[in-house]
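Here are some comments on the model, set out as numbered points for reading beside the coordinates.

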Amino acid sequence: MALIHHVVTGQGRPPIVFVHGFGCAHSDWDAQVAHLSPRHQTVAVDLRGHGDSPGTAEECSIERYGADVADVMRALALPRAVLVGHSMGCRVVIEAALQAPG
């Protein structure tokens with residue numbers, strides 16, 4: 001699968017990566033992105049099977065979600081980033097941090 005859908009906004013360090021919870025989408029973070037993007041690069045993702053990212057139930061797991069977020073971070077060549085999760089997204093950002101510790 002290609003990279004999951006993600007929206008990059010703003011500039012500045014550290015970048016902030018936002019991960020939504022179950023049944024949600026990247027737009028849940030619109031207020032935070034609007035507030036922080038004047039000073040930080042922000043990345044809001046749609047996890048597999050959510051928002052604009054395709055995916056089947058069989059492809060969805062915390063490990064796969066975390067790998068997808070880590071893949072986006074690598075593809076964007078992000079420096080050390082702040083990962084922010086909501087609900088299930090908290091588990092996903094921990095997994096992403098384990099898979100992309102740099």
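1. A word on terms comes before the helices: contact here means heavy atoms within 4.5 Å, and angles run from 0 to 180 degrees between N-to-C directions. With that in mind, helix α3 (residues 88–99) lies across β2 and β4 and runs at about 155° to β4. Please keep in mind throughout that this is a predicted model.

2. The sheet deserves a look before the helices are taken further. Its four strands form an open sheet with mixed pairing, in the order β1-β3-β2-β4. The edges are formed by β1 (6–9) and β4 (82–85), each of which pairs on one side only, and from one strand to the next the twist averages 15°.

3. How does β3 run relative to β1 and to β2, parallel or antiparallel? Strand β3 (residues 42–45) is joined to β1 by four bridges, and these two strands run antiparallel, whereas β2 and β3, also joined by four bridges, run parallel. In the pairing of β1 with β3, Val8 stands opposite Val43 and Thr9 stands opposite Thr42. On the β2 side, the bridge partner of Ile16 in β3 is Thr42.

4. Thr42 merits a closer look, since a polar side chain in a strand invites the question of whether Thr42 is buried or exposed. Thr42 has 0% relative accessibility and therefore counts as buried, the cut-off being under 20%. Leaving aside residues up to four places away in sequence, Thr42 touches Val7, Val8, Thr9, Ile16, Phe18, Val33, Leu36 and Ser37. In a regular strand the side chains alternate between the two faces of the sheet. Both faces of β3 are covered, with Thr42 and Ala44 buried on one side and Val43 and Val45 buried on the other.

5. Returning to the helices, α2 (residues 62–75) lies across β1, β2 (16–19), β3 and β4, and runs at about 155° to β2. Two packed helices are described by the angle between their axes and the distance between the axes. For α2 and α3 the angle is about 60° and the axes are 7 Å apart. Angles of 65 to 115 degrees would count as roughly perpendicular and those under 35 as roughly parallel, so α2 and α3 are oblique to each other. Their crossing is right-handed.

6. Which residues make up the contact of α2 with α3? From α2 come Ile62, Glu63, Tyr65, Gly66, Ala67, Val69, Ala70 and Arg74, and these meet Met88, Arg91, Val92, Glu95, Ala96 and Gln99 in α3. By character, the residues of this contact divide into eight nonpolar, two polar and four charged.

7. Some backbone features in the loops should be checked by eye. In the loop between β1 and β2, which holds Pro14, a cis peptide bond joins Arg13 and Pro14, with omega at about -5°. Ala77, in the loop between α2 and β4, has a positive phi of about 50° although it is not a glycine. Ala77 is exposed, with a relative accessible area of 62%. Ser87, which lies in the loop between β4 and α3, likewise has a positive phi, near 55°, in a residue other than glycine.

Notes: Residues are numbered from 1 along each chain as its sequence is written. This is a predicted model: local features need pLDDT of at least 70, side-chain atom pairs count only at pLDDT 80 or more; totals for chains, interfaces and linings use all residues. Side-chain values use heavy atoms; hydrogens and water are left out. Two strands pair if DSSP finds at least two bridges between them. Angles under 35 degrees count as roughly parallel, over 145 as roughly antiparallel, 65 to 115 as roughly perpendicular and the rest as oblique. A crossing is left-handed if the near helix is turned anticlockwise from the far one by less than a right angle, and right-handed if clockwise. Ala, Val, Leu, Ile, Met, Phe, Trp, Tyr, Cys and Pro count as nonpolar, Asp, Glu, Lys and Arg as charged, and the others, Gly among them, as polar. Buried means under 20% relative accessible area, exposed over 50%, partly exposed in between (1.4 Å probe, protein chains only).
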